[in-house]
Amino acid sequence: MSELTASPFFGVTLTVIAYWLGLRAQKKTGLVLCNNMIVTVAIIIAVLAAFQIPYENYYQGGSIINLLLGPATACMAVNVYRKLDLLKKNWLPVLLGCFAGALTSVGSILVMCRLFGLDAAMTASLLPKSVTTPIATAVSESHGGIQAITVAAVIVTGILGNLTAPYLVKLFRVKDPVAAGLGIGACSHAIGTAKALELGETEGAMSSLAIGACGIITALLALGFDLFL
């Protein structure tokens, strides 16, 4: 059993099957809590816990999927290219919106970590929670953060954004698809962008753009992290 689970094929197969079951559950029930990402994570955790499979064994295959995060994020540039004319007309509001989103995310984490008395390592781990995983882990590690905590924070943030984005757009009566897309991408990266694409092509394109822009801005803002502490 240990030899089987140590194979990279085990991690890949388990992830694919769990994700397929998550999609099926979401389509069948239509419930917000049956989000495919939540179901996928729950299934993987349940399987590993039930059969006492070490996480290191699963990650032999999980790391292969993790390598695809970078190319998958880059592929979102296709959506941005399709809306290039719209971007040219709104480049200043888009830039300011991404800056405001990144600044709010980083600033709120710094303030809350101070209020709750978290140490520098934990603060650095949570600092890039709203940007895509490859950028978040790089920012976290460069400032002494813990990669596992960073990845968990990014996933939770993305899932929350995916779940709540449509309701928040309606609650705050955001009519402009550019503003809606930027807001979703700025706070919940790729997982939130998946929901933005469901809302519309413009929302998806602007959310895709916000992933890269906010990632760069967050990395620059994080340079002042040591000075803050």
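**Fold and core of an all-helix chain**

Among contacts between residues at least 6 apart in sequence, 66% join residues at least 24 apart in this chain. The model is a predicted one, and its secondary structure is helix throughout the count: 14 helices and 0 strands. Read from one end of the sequence to the other, then, the pattern is just α repeated, α-α-α-α-α-α-α-α-α-α-α-α-α-α.

As for overall dimensions, a compact globule of 229 residues would be expected to have a radius of gyration near 17 Å, and the 18 Å found for the chain agrees with that. Along the principal axes, the C-alpha atoms fill a box of roughly 55 × 45 × 30 Å. Of the 229 residues, 40% are buried. The chain exposes about 12700 Å², with carbon and sulfur atoms supplying 71% of that area. On the charge side, there are 13 positive and 10 negative side chains, and the centres of these two sets sit 15 Å apart.

Now for the inside. In soluble globular proteins, nonpolar side chains tend to be buried together. Here the largest nonpolar core has 14 residues, and the ones touching the most other members are V94, C98, L182 and M206. At least two residues of this core come from each of α8 (91–115), α12 (177–199) and α13 (201–221), with α13 giving the most, at 6 residues. M206 is worth a closer look: leaving aside neighbours within four places in sequence, M206 is in contact with K83, V94, V178, G181 and L182. Two of these partners, V94 and L182, are also named with M206 in the list of core residues that touch the most other members.

Key
Residues numbered from 1 in each chain as written. Predicted model: local features only at pLDDT ≥ 70, side-chain atom pairs only at ≥ 80, totals over all residues. Heavy atoms only, no water. Helix = DSSP H or I, 4+ residues; strand = E, 2+ residues; numbered from the N terminus. Rg over C-alpha atoms; globule rule 2.2 N^0.38 Å. Buried < 20%, exposed > 50% of the residue type's maximum accessible area, 1.4 Å probe, protein only. Contact = heavy atoms within 4.5 Å. Areas by Shrake-Rupley, 256 points an atom, 1.4 Å probe, with all protein chains shown as cover. Lys, Arg positive; Asp, Glu negative; His and termini not counted. Charge placed at Lys NZ, Arg CZ, Asp CG, Glu CD. Core = buried A, V, L, I, M, F, W, Y, C linked by side-chain atoms within 4.5 Å.
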